[in-house]
Amino acid sequence: MKRIGIIICDRYKTCDGGKCFRSVREKEGTFKIYENEDVEVVGYSTCGGCPGGNIEYVAAGMKKYGADVIHFATGFLAGYPPCPYIDIFKNYIEKDIGIQVVIGTHPMPTNYIENHEKIQDIPDKYKQYWNNLADADESTKYDSTRTDYIEELDKELRI
Ligand code: SF4
């Protein structure tokens, strides 16, 4: 059993979390690393808003509730601009709180990728994280602008 916490970018604090939880269930995006394990989400919260005043508190809380790994939601990268503090947060949580951090949750939807590629605004230092989330089939699947998105999701939920 792998216990995880998810921290989201506060700019998206009203997000329903649907894509993150879908990718946990489907073991897609960064959750494919748990392909052969059960996964339990023990915490879900935001960074608290720039410059991330809630990071210390929520990471410590997630550890208390058994988190083995903390994932930063894909919105850290997909938002404009990408979070400038990702590496600082990751370093702090891993070294001070003592929990591994994985950058990303659900696959980067194709519509996000195409838009950011068009305007060429992905900083080089974040490209490695984007690449980890850009499997073509998964990115298409998580593109909610597709006309058949809801139909496909409904079928998945009926299984
Ligand atoms: S950009 Fe970074 S610090 Fe600012 S709200 Fe988003 S995750 Fe938090």
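## A tour from the sheet to the ligand

Select F72 and, across from it, I103 in β4 (100-103). Strand and helix labels come from DSSP runs, numbered from the N terminus: E runs of at least two residues are strands, and H or I runs of at least four are helices. What you have open is a predicted model, in which local features need pLDDT of at least 70, side-chain atom pairs count only at pLDDT 80 or more, and totals for chains, interfaces and linings use all residues. Residue numbers start from 1 along each chain, following the sequence as written.

**Stop 1: the sheet**

Stay with β4. Its partner is β3 (69-72); the two run parallel, with 4 bridges. Strands count as paired when DSSP finds at least two bridges between them.

Now add β1 (2-8). It pairs with β3 in the parallel sense, again over 4 bridges. To see the register, pick G5, which stands opposite I70 in β3.

Add β2 (39-46) next. It runs parallel to β1, and 7 bridges join them. Here the residues to select are I8 and, opposite, T46 in β2.

How enclosed is β1 by the rest of the structure? Largely, because 5 of its 7 residues are buried. Buried means 20 or more other C-beta atoms within 10 Å of the residue's own; exposed means 12 or fewer, and partly exposed is in between, with C-beta atoms placed from the backbone.

**Stop 2: the core**

Select I7, I70, A73 and F76. These have the most contacts inside the largest nonpolar core, which has 30 residues. Such a core is a set of buried Ala, Val, Leu, Ile, Met, Phe, Trp, Tyr and Cys residues, joined through C-beta atoms within 7 Å. Two or more residues come from each of β1, α1, α2, β3, α3, α4, β4 and α6. In soluble globular proteins, nonpolar side chains tend to be buried together.

Centre on I70. Leave out neighbours within four places in sequence, and its contacts are I4, G5, I7, A59, M62, I93, I99 and V101. A contact here is a pair of residues whose C-beta atoms, placed from the backbone, lie within 7 Å.

**Stop 3: two helices**

Go to α2 (55-64). Colour I55, V58, A59 and M62, which are buried. Look down the helix axis: these buried residues fall within an arc of 100°, so they line one face of α2. The arc is taken over the directions from the helix axis to the C-beta atoms. What do the buried residues of α2 pack against? They pack against β1, β2, β3 and α4. Rotate to the other side of α2, where Y57 and K64 are exposed. After the helix comes G66, with a positive phi near 100°.

Next, α1 (18-26). Its buried residues are K19, C20, R22, S23 and V24. Their cover includes β1 and β2.

**Stop 4: backbone oddities**

Most residues other than glycine have a negative phi, and most peptide bonds are trans. Four places to check follow.

- K27 sits just after α1 and has a positive phi of about 50°. With 15 C-beta neighbours inside 10 Å, K27 is partly exposed.
- Q120 is in the loop between α5 (110-119) and α6 (124-132). Its phi is positive too, near 50°. Q120 is exposed, because 6 other C-beta atoms lie within 10 Å.
- Y80 and P81 are joined by a cis peptide bond, with omega near -5°. P81 belongs to the loop between α3 (75-78) and α4 (86-97).
- C50 and P51 also share a cis peptide bond, with omega about 5°. P51 lies in the loop between β2 and α2.

**Stop 5: the ligand**

P51 leads to the last stop. Which residues surround the ligand? Select C9, D10, R11, C47, G49, C50, P51, G52, F76, C83 and Y85. A residue belongs here if its C-beta atom, placed from the backbone, lies within 6 Å of the molecule.

By class, the shell has 7 nonpolar, 2 polar and 2 charged residues. Ala, Val, Leu, Ile, Met, Phe, Trp, Tyr, Cys and Pro count as nonpolar; Asp, Glu, Lys and Arg are charged; the others, Gly among them, are polar.

Finish on G49, in the loop between β2 and α2. Draw a C-alpha to C-alpha distance from G49 to C9: 7.2 Å in space, for residues 40 apart in sequence. Is G49 buried or exposed? G49 counts as exposed, because it has 12 C-beta neighbours inside 10 Å.

Technical notes. Contact = placed C-beta atoms within 7 Å.
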